[in-house]
Amino acid sequence: NKISEEVNRYVKAEAAKVLRDGKIPGVVGGEHSVPFGAIEASAEKHGEIGILHIDAHMDLRPAFEGFQWSHASIMHNVLTRIPGVKKLVQVGIRDFGENELDFAKSQGDRVVVHFDDANAERLMNGETWPALCKEFIAALPQKVYVSFDIDGLDPSLCPHTGTPVPGGLSYHQASMLLETLKN
């Protein structure tokens, strides 16, 4: 936990430099808890932000195996420690614990979860992916941080992820979702 706090401070400082230069910070690769500092710096710079969280998992555990800065805790930490994050929209979720679901519900409309199975059912019943994307994005404020975990995709696209879960977004679905965010 102590080393993770140092990582958080380092990433926050580096992201703050990027933001001061008028650029957009990004954290690519590594473990999913790493972007906490970038999210914190973004919220401090922009005031009120939302997060578009594409993932197989909710990541809403207060700790995982005693590790409070775990990859399974990133969004819990964001929601409980960064007041500038006003909205969390999760897409592709298909693996979670009861306590995570209860925590999400306790946040009221601050957390919107779009479960993968519900999205698949809507698509099979005739709704279109562009319409779903517009719905997902409409819940977010103007300033958005994108948190994209590779396991948010169908595991056939990322067979070496450490936590594969059946289902998930196709490459084209993920691309369209991000494109919808731009518009």
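This dialogue walks through salt bridges, cysteines and a surface patch in a predicted model.

Visitor: How many salt bridges does the structure hold, and what is the general idea behind such a pair?

Guide: Side chains of opposite charge can pair when their charged atoms come close. In this predicted model, the structure holds seven salt bridges. One of them joins Lys12 to Glu44, with 2.8 Å between the closest N and O atoms.

Visitor: Which parts of the chain does the pair of Lys12 and Glu44 tie together?

Guide: Lys12 belongs to helix H1 (residues 2-20) and Glu44 to helix H2 (residues 36-46), so the pair ties together parts that are 32 residues apart in sequence. As for their surroundings, Lys12 is partly exposed, at 23% relative accessibility, whereas Glu44 is exposed, with a relative accessible area of 56%.

Visitor: Which residues form salt bridges with Arg122?

Guide: Glu127 forms a salt bridge with Arg122, the closest N and O atoms lying 2.9 Å apart, and Glu135 also forms one with Arg122, where the corresponding distance is 2.6 Å. Glu135 sits in helix H6 (residues 129-138) and Arg122 in helix H5 (residues 116-124), so this pair ties together parts that are 13 residues apart in sequence. Arg122 counts as partly exposed at 21% relative accessibility, as does Glu127 at 35% and Glu135 at 34%.

Visitor: Which residues are joined into one network by salt bridges that share partners?

Guide: Salt bridges with shared partners join Lys12, Glu40 and Glu44 into one network.

Visitor: Turning to the cysteines, how many disulfides are there, and how should the count be read?

Guide: A disulfide is read from a pair of cysteine sulfur atoms within 2.5 Å, and by this rule the count comes to zero. Cys133 is in no disulfide, since the nearest cysteine sulfur, that of Cys158, is 18 Å away.

Visitor: Are Cys133 and Cys158 buried or exposed?

Guide: Residues under 20% relative accessible area are called buried. Cys133, at 0% relative accessibility, therefore counts as buried, and Cys158 is buried as well, with a relative accessible area of 8%.

Visitor: Which residues make the nonpolar surface patch?

Guide: A patch of this kind is built from nonpolar side chains joined within 5 Å. Here Val146, Phe148 and Leu178 make a nonpolar surface patch of about 190 Å². Val146 lies in strand S4, which covers residues 144-148, and at 31% relative accessibility Val146 counts as partly exposed.

Note on methods: Residues numbered from 1 in each chain as written. Predicted model: local features only at pLDDT ≥ 70, side-chain atom pairs only at ≥ 80, totals over all residues. Heavy atoms only, no water. Buried < 20%, exposed > 50% of the residue type's maximum accessible area, 1.4 Å probe, protein only. Patch = residues over 30% accessible without salt bridge, like charges linked within 9 Å, V, L, I, M, F, W, Y side chains within 5 Å. Areas by Shrake-Rupley, 256 points an atom, 1.4 Å probe, with all protein chains shown as cover. Salt bridge = Lys/Arg side-chain N within 4 Å of Asp/Glu carboxyl O. Helix = DSSP H or I, 4+ residues; strand = E, 2+ residues; numbered from the N terminus.
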